[in-house]
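Here is a walk through one protein chain, part by part. Have the sequence and the 3D view open while you read.

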Amino acid sequence: MKRVGFFLLILTLLSAAGCTKNEQQKQQGGPQAGQGADSPIAPDFRLQDLAGGTVRLADLKGKVVLLDFWATWCPPCRAAIPGIERLHKTYGQKGLVVLGVSVDEGGWDDVKAVGKQLGISYRILKGDEDVQTKYLIRAIPTVYLVNKEGRITSLFMGAEDERTIEEEVRKLL
C-alpha cells in the first residue's frame, strides 16, 4: 500500500516538471543547495549501517560527504550506483565519504543482497522516516553533496550524469 502511495507521489512530482530543482525545493520548504556561507547546514542524523555500526553526519565534519538516497526496487537508483561506486573509489582516499541511505521499508536482506550484487563498497545506511523528512526525499535517487563545513552545496534529484556530480566533488575537495 505504501508503495502505491509512493508511486503516486512520484507521478505528482513528474507532473511538476516545469519547476527547476531549486524551485521544487523552495516550494517544499526543505534543504536546498547553496554556495559558501549561504549554503544551509545539512541536517544531522544518526543511522545504523549494514555492519551494525552507527553513523552520525556531524562526526564527518572536515570531509566532503555524498549522500545517496536510494532503494533496491528503484531501477534508476540501481543504474546510478556504479557511478557512485567509482566516485567512492576515486576520491575516497582524498576526503570523500560516500553514504548510501537505503529507503527500503523491509529488512536488511534485500539491501545486503543488492549491495553485494552491485559491488557496493561504501557504507550503506538504513534510512528512517526522520531522515527522509529532514532531507525532503520525495523522489529517488536523490544525491546531496555536503562540504567540509557541513553545508549542503549540491542537490541532484533523479538520475544525474556521473561527470556532473564528479565536477562538484572535485570542487569541494
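## Arg 138 and its loop

Arg 138 counts as partly exposed, with a relative accessibility of 25%. In this predicted model, Arg 138 lies in the loop between helix H5 (129–134) and E6. Look across from there to Met 157: the two residues are 19 apart along the chain, and their C-alpha atoms are separated by 9.0 Å.

The loop between H5 and E6 has a couple of other things to look at. Leu 136 is found there too, and its phi is near 50 degrees, a positive value in a residue other than glycine. Leu 136 is buried, at a relative accessible area of 10%. Pro 141 also lies in the loop between H5 and E6, and a cis peptide bond joins Ile 140 to Pro 141, with omega at about 0 degrees.

## The whole chain

Now zoom out. How many helices and strands does the protein chain have? There are 6 helices and 7 strands, and along the sequence they follow the pattern α-α-β-β-β-α-β-α-β-α-β-β-α.

Of the 173 residues in the protein chain, 44% are buried. Take the contacts in the chain with a separation of 6 or more: 71% of them are accounted for by residues 24 or more positions apart.

## The nonpolar core

In soluble globular proteins, nonpolar side chains tend to be buried together. Here, the largest nonpolar core has 47 residues. If you want to find the ones with the most contacts inside this core, pick out Phe 45, Leu 66, Leu 67, Phe 69, Leu 99 and Tyr 135. The elements that each give two or more residues to this core are strand E3 (64–70), H3, strand E4 (96–102), helix H4 (108–117), strand E5 (123–126), strand E6 (142–146), strand E7 (152–157) and H6. Which element gives the most to this core? That would be E3, with 6 residues.

Leu 99 is a good one to click on. Setting aside its neighbours within four places in sequence, Leu 99 is in contact with Phe 45, Val 55, Leu 60, Val 65, Leu 66, Leu 67, Asp 68, Tyr 122, Arg 123 and Leu 125.

## Two helices side by side

Two packed helices are described by the angle between their axes and the distance between the axes. Try that with helix H3 (residues 75–91) and helix H6 (residues 162–172): their axes come within 10 Å and cross at roughly 30 degrees. Angles under 35 degrees count as roughly parallel, so H3 and H6 are roughly parallel to each other. The crossing in which H3 passes H6 is right-handed.

Which residues make the contact? On the H3 side they are Gly 83, Arg 86, Leu 87 and Tyr 91, and on the H6 side Glu 162, Ile 165, Glu 166, Val 169 and Arg 170. Sorted by type, the residues of the contact of H3 with H6 come out as 4 nonpolar, 1 polar and 4 charged.

## The loop before H6

Move to the loop between E7 and H6, where Gly 158 is found. Gly 158 is partly exposed, with a relative accessible area of 25%. Gly 158 and Val 143 are 15 residues apart along the chain, and 8.3 Å separates their C-alpha atoms.

Ala 159 is found in the loop between E7 and H6 as well. Is Ala 159 buried or exposed? At 61% relative accessibility, Ala 159 counts as exposed. Its C-alpha is 6.7 Å in space from that of Ala 80, while the two residues are 79 apart in sequence.

## Two buried spots

Ile 152 lies in strand E7 and is buried, with a relative accessible area of 0%. Ile 152 and Pro 43 are 109 residues apart in sequence, but C-alpha to C-alpha they are 9.1 Å apart in space.

Thr 72 has its place in the loop between E3 and H3. Thr 72 is buried too, with a relative accessible area of 9%. Not counting residues up to four places away in sequence, Thr 72 touches Arg 78, Asp 104, Asp 110, Val 111 and Val 114.

Conventions:
Residues are numbered from 1 along each chain as its sequence is written. This is a predicted model: local features need pLDDT of at least 70, side-chain atom pairs count only at pLDDT 80 or more; totals for chains, interfaces and linings use all residues. Side-chain values use heavy atoms; hydrogens and water are left out. Axes are lines fitted to C-alpha atoms, for helices over the stretch in contact, and angles run from 0 to 180 degrees between N-to-C directions. Helices (H or I, at least four residues) and strands (E, at least two) are DSSP runs, numbered from the N terminus. Angles under 35 degrees count as roughly parallel, over 145 as roughly antiparallel, 65 to 115 as roughly perpendicular and the rest as oblique. A crossing is left-handed if the near helix is turned anticlockwise from the far one by less than a right angle, and right-handed if clockwise. Contact means heavy atoms within 4.5 Å. Ala, Val, Leu, Ile, Met, Phe, Trp, Tyr, Cys and Pro count as nonpolar, Asp, Glu, Lys and Arg as charged, and the others, Gly among them, as polar. A nonpolar core is a set of buried Ala, Val, Leu, Ile, Met, Phe, Trp, Tyr and Cys residues joined through side-chain atoms within 4.5 Å. Buried means under 20% relative accessible area, exposed over 50%, partly exposed in between (1.4 Å probe, protein chains only).
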